[in-house]
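Subject: Structure handover

Hello,

I am passing on the structure we discussed. Please look it over before reading the notes underneath.

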Amino acid sequence: MDKNRVLIFDTTLRDGEQSPGATMTHEEKLEIAEMLDEMGVDIIEAGFPIASEGDFRAVTEISKRAKNAVICGLSRANFKDIDRCWEAVKHSRQPRIHTFIGTSPLHRDMHDLTQDQMATRVHDCVTHARNLTDNVQWSSMDATRTEWEFLKRTVDIAIKAGATTINIPDTVGYTAPAESADLIRRLIAEVDGAQDVIFATHCHNDLGLATANSLAAVDGGARQIECTINGLGERAGNTALEEVVMAMKVRHDIMPYSTVVDSTKIMNISRRVAAVSGFNVQFNKAIVGKNAFAHESGIHQDGMLKNRETFEVMRPEDVGLSETNLVMGKHSGRAALRSKLEDLGFELGDNELMDVFVRFKELADRKKEVYDDDLIALMRTNDGDEDHLKLTALKVVCGTDGPQSAEMTVVVDGAEKSVTATGDGPVDATFNAVKQLYSHDARLQLYQVSAVTEGTDAQATVSVRLEEEGRIATGQSADTDTVVASARAYINALNRLIVRRTKSAPGADVKGVDYKDAG
Ligand code: KIV
Ligand code: ZN
């Protein structure tokens, strides 16, 4: 392999999906995996197979389907996890087992293991994994807070036991660029056999340094960056794939490294991950934020008209952002809609297109101009045919004299039910109506509204996250009526929660397994 080639290891479906509230459905995971595979990601960490039946199924299916990427599963450092991981990834054309344990003093105390006991565990687990496959990744979790001598010892043992990739995670986002580079450089220089394996960097963004730390690690000799789309991940998230890929591309003069990621596919996958995870991208986020290529001020606009390079270090097209935004109207046909949605990264079957077309026409009747962002919002409205609850009517009375009231009709498992509920504001009244129609104890964790475009006829996208006995579900909807969008998003989240109730025992999903516990 070219010595400056950097492997991109995407963990959106494992570390990203593991972040509270970002849970994706099986189909969504398959869709994201397919997009990652098509965009040229080298390794897809598809999940944590022992964590739940759902994770196992997803990793298995992704392993069967992936055409290009190595498919990796995570496992704690014990034989049961490793065997389960292998059962899922073995279907891949290129399977990888990733096993880890926290090696810092805090983690050793938590596991009640001495350095010697932990060293034995590293040896036994990597050897066990290596007996199953020749592609094994070892991670000394919390490496950046592990004593140097002990870190070196775990890396040395893992390499001798046959690990082919050594990951040095900055699990709590604690390191800084110079230290990140130095750590990898010294490990490669001082551990026997280190030149024959790939060193990986896995940074969290607690201090906002994940991208800088990952790129510094590459300067230090790392040749695998672990990252997620949009930087999705627990707490402040992981290194953002789009940032490291574009940084190495745009500043190739000082970072002469290359990847095989097709950067023009970045925007589409970013939008899709935002949609399925329910984690909106902040407007000023580098590369994929709504404002990343927007030039509002007079001086900037003037400069841009004369020469785009005045205020842009890369072209919007480089990341897959189309130049024209104004798109469709009520006279646009189905073929035009299909082609526009394909440009935006949505491949639809005929039936799905019919359904979207009907909703598009309804929207075009209400809204003079339908923009790309409106279509994306429309696609984010994720009602399903199998839904237990379906909203059929909603009338809300608002005014300066409360309480506000909501008259709602919902079909619950085939039976139509109506109610009028009051509340502190129209949304509260609406949510109370849903609770009266379908009694449940789910707690509202997130209610988020944002305007899709400008103008008073803009659609609002609403995200709702509900939690019940440790299970979390997110629902989304978009409508020019904010209260209708809110009702649909709430009902959508509830439908997903009901499905999850029937599919798993409480705590049986990935959040139920403490990945800090090496089992
Ligand atoms: O952050 C971390 O240390 C991890 C490991 C499991 C690699 O995600
Ligand atoms: Zn992590």
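The notes below go through the domains, one helix, and a few individual residues.

Please keep in mind that this is a predicted model.

Domains

The protein chain is divided into four parts: domain 1 covers 7–277, domain 2 covers 292–316, domain 3 covers 322–380 and domain 4 covers 389–503. Between the C-alpha centres of domain 1 and domain 2 the distance is 36 Å.

Helix α11

Helix α11 runs over residues 266–277. With 12 residues at 1.5 Å a residue, α11 should span 16 Å, and its end C-alpha atoms are 16 Å apart, so the expected and computed values agree.

How many of the residues of α11 are buried? The count is 12 of the 12, so the helix is largely enclosed by the rest of the structure. The buried set includes charged-type names as well as small ones in the listing: R271 and R272 are in it, as are A274 and A275. I266, M267, N268, I269, S270, V273, V276 and S277 are buried too.

What covers these residues? The cover on the buried residues of α11 includes the helices α1 (12–16), α2 (26–39), α10 (241–250), α13 (334–343) and α15 (372–380), together with the strand β16 (471–479). Just after α11 comes G278, which takes a positive phi of about 80°.

Strands β14 and β15

Y447 has its place in strand β14, residues 443–451. Is Y447 buried or partly exposed? Its relative accessible area is 32%, so Y447 counts as partly exposed. Along with L444 and V449, Y447 makes a nonpolar surface patch of about 230 Å².

T461 is found in strand β15, residues 460–468. At a relative accessible area of 13%, T461 falls under the 20% cut-off and is therefore buried. Leaving aside residues up to four places away in sequence, T461 touches A377, Q448, V449, S450, V452, S477 and A478. One of these contacts, V449, is also a member of the nonpolar patch.

The loop after α6

Where does T133 lie? T133 sits in the loop between α6 (115–132) and β5 (136–141). T133 has a relative accessible area of 8%, so T133 is buried as well. Again not counting residues up to four places away in sequence, T133 touches W86, P95 and I97.

Regards

How values were computed
Residues numbered from 1 in each chain as written. Chains lettered and ligands numbered in written order. Predicted model: local features only at pLDDT ≥ 70, side-chain atom pairs only at ≥ 80, totals over all residues. Heavy atoms only, no water. Helix = DSSP H or I, 4+ residues; strand = E, 2+ residues; numbered from the N terminus. Expected span 1.5 Å × (residues − 1). Buried < 20%, exposed > 50% of the residue type's maximum accessible area, 1.4 Å probe, protein only. Contact = heavy atoms within 4.5 Å. Patch = residues over 30% accessible without salt bridge, like charges linked within 9 Å, V, L, I, M, F, W, Y side chains within 5 Å. Areas by Shrake-Rupley, 256 points an atom, 1.4 Å probe, with all protein chains shown as cover. Salt bridge = Lys/Arg side-chain N within 4 Å of Asp/Glu carboxyl O. Domains from an automatic or database assignment.
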